[in-house]
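Reader: Please pick one part of this model and go through it closely. I would like a single connected account, with the terms explained as they come up.

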Amino acid sequence: MNFDKILQKPFLISVFVFNIILFGVIVFLLGYVQNLLDSDSRNNLEEIVSQNKNVITSKLLLDLNRLDIISNKISDGLKNKNITKEADINKFLEDYSKNSIDDSLFLANKNGLAYVDGDTHIDISGRRYFKLAIDGISNISERTISRINGEYIFVGSVPLYYDNNIIGTIQKIYTDKQMNELFAASLFSSKGYMYVINSEGYIILHTKHINCALKSDNYFRDVYEYGNVEAVRKMKDDIKANKSGFMENAVNGEKTFSAYTPIEQVHDWYLVTSVPTDVIAENGNIVMKIFYMVMVSLVLIFLVSICYFAWNKRRQKRVLEKIAFVDNVTGGNTYNKFLVDVQETLSNKINKQFYILSFDVDNFKYINNFYGFACDDKILRQIYSSVSVWMQPGETAARISGDRFVCFLLDADEERIEALFSAIRNITEENLILHFSAGVYVIKDYDENINLMVDKASVAAQTIKGVLNQHVVYYSKKFDDMTAHNEELKRDLKLAIKNDEFVAFYQPKVDINSGKLVGAEALIRWRTRDNKLIAPGDFIPLSEKTGLVTDLDMIVFEKVLAFLRSSLDAGVECVPISVNFSRLHFSNEKFLPTLLQKMEKYQVPAHLIELELTESAIFDNFSIIYDFTEKVREYGVAVAMDDFGSGYSSLNMLKDLAIDTLKIDRAFLEEAADNEKRNIIFVSVVEMARKLNISLVVEGVETGENVSLMRECGCNIAQGYYFARPMEESKFAELFREGKLC
Ligand code: C2E
Ligand code: MG
Ligand code: MG
């Protein structure tokens, strides 16, 4: 439905926008945390590098210091012997070397002639370490090949002073192994590695490690070959300027952080410490992973929540729709759904003729009472399914309530509707004869309120209720007139109540054997201001519909109480008077208290009042009336069942209900097709009433034959024109006093 889509749109947009914002925040936070961790890692690395450098340089310096101490000792020895000539100095150095127990040490004179291994002299004047030392710079050489044994060695070299002049140098040989031991340091759980390079990038030393990705003997070339041109350029510049630095490079595809720093104490040595990024950022990575996981979980939880929310909303909507739109009795449309569908069709303004059909089953209450609710529901379902099969595309139907159905049709031909009813009759219980009353409203104005259209069709249907052989009626102008008339009547009734225009007439109840007055029925009349007398048949049905009837009943009741009071005061031997009460009173809890309170007000004894409730009112509200009769009889007020035999009388009802009088409807006295049968039933009812201790009153006794029939059947009390018509109070007062009719 469009409505749903519109409803969902802002929701989806807000979810989408929220997700974008959430995603943005997460990306920002991730970047921020990553930066923090990176800079933290760099700081850590720098710290480690400087510590490393300190360790290594102090080790190297310690060794060079030892050489310096030796050099000082030799200088002291020279001083003590007061050697002055250069030849003597050379001799001294040669001798010292020969006698030296430390064979890794050797001296060289000013000209670079080194005294090694007894008589062996070698010329080291070309060596860089010698040149630096003779210039007064203690240093350690790069890796070089020994001229004595051809092995890789390092040579530490310090100047030898005599009389403040450099007279030669002292060298110490470090084997490759020794130097590496000196250099060895465990970095980052052995995952890091170090190089000592010179300013040209030549690798002097390096840690031995599988991660040490050496390709050549030149660090610059290696890094360059891995494609890190910019990194090499910056590193070269820094080294040239004797500056420390930091670079990020990829070696064999592995991201590596490298920090480099000059080892100031050793000439032209630079320490490079490298460590794979993931090692240095191991903790950071764990933090990042946790962070990622938390964020992803949050997003997932959020998305799952949104999905659940949306799913739940849809489910609830479907449940609500089902409640609102699916009739639990027929399984078809509810009236609400019908209204929505019809509204949608009509708002499309298709230029077509549409009709509203409203129908119900005439005697449905009867079916309900005799066959029970299960059968009742089954029939309603069958009716709905027949309607569904019968409908054309574009038409719709629903059950309004009870047994009332409504259809929105494209064709409402009487024959078509009759066909529907006979189809329904064919599928329902075989022994059930269903009668329908249908009203059709032809839609002329698409904008008219749909409820009003349905009302009009229903009003039309009501007018043919009980009319034999007419099942369909079309709403017309006359119904509008009727509605207008009813509206006018309603207004007049209200005004008449206000102006006290209602009066009570009284119709005697007579004992046919003695002619004695045994009671009377109060019957309402409307005496208009122009003194017209209107019978209840003209206003009671409408006042029932509008609820005004309850006021009218109370007016009559008060008039009866006032009459009885004045009769009692006049010393009349009063007989009970019955008052008619509508079924509408039974939905009012205050009904009984009001009755009692009024009787109290007029001080009228309860046994002089009888309440007449129509058979159909009792039938419709059986349980409520059952409770009511139980209570009211406790106060001594009698209850009569009016019009017995006019409706769907259930004899069963009599045995359960505590009633005092049964008023047999005048229809019972009418000529029947089979009078004998009628008499048999009459006799049985009389017999049954006697056994149940219920007194009988026969209504509408008009003729002597009626009276004879009553005698035959053993019925004594009559109410009818034969004895007396309803009469106004003043006239009845005379009869009341006499207590006898004939
Ligand atoms: P009902 O209670 O069955 O009253 C009996 C009706 O039958 C009265 O009609 C009465 O005039 C009429 N009747 C009596 N004897 C004969 C007869 O021999 N032949 C014929 N053809 N009719 C006879 P009424 O007074 O027109 O009242 C009609 C109905 O209006 C009453 O039927 C009752 O249901 C209702 N009604 C009258 N007054 C009241 C009232 O105060 N409150 C309520 N709720 N309903 C009232
Ligand atoms: Mg009555
Ligand atoms: Mg009656």
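Author: Two strands count as paired if DSSP finds at least two bridges between them; strands (E, at least two residues) and helices (H or I, at least four) are DSSP runs numbered from the N terminus. The model is predicted, so local features need pLDDT of at least 70 and side-chain atom pairs pLDDT 80 or more, while totals for chains, interfaces and linings use all residues. Residues are numbered from 1 along each chain, chains are lettered from A and ligands numbered from 1 as written, and side-chain values use heavy atoms, without hydrogens and water.

The part chosen is the site of the magnesium ion (ligand 2), whose protein donors are Glu-521 (OE), Asn-580 (OD1), Glu-612 (OE) and Asp-642 (OD), at 2.0 to 2.2 Å. Donors are N, O and S atoms within 2.8 Å of the metal (3.2 Å for Na, K and Ca); water is not among the atoms, so sites may look incomplete. Along the chain the donor residues follow the spacing E-x58-N-x31-E-x29-D. Glu-521 belongs to strand S19 (residues 517–527) and Asp-642 to strand S23 (residues 638–644), so this pair ties together parts 121 residues apart in sequence. Both Glu-521 and Asp-642 are buried (under 20% relative accessible area, 1.4 Å probe, protein chains only; exposed is over 50%, partly exposed in between). Asp-642 also bridges to the magnesium ion (ligand 3), 3.9 Å from ligand 2.

Strand S21 (residues 577–580) runs parallel to S22, joined by 4 bridges, and Asn-580 has Glu-612 as its bridge partner in S22. Strand S22 (residues 609–614) has 5 of its 6 residues buried. S22 pairs with S23 in parallel over 5 bridges, where Asp-642 is the bridge partner of Thr-614.
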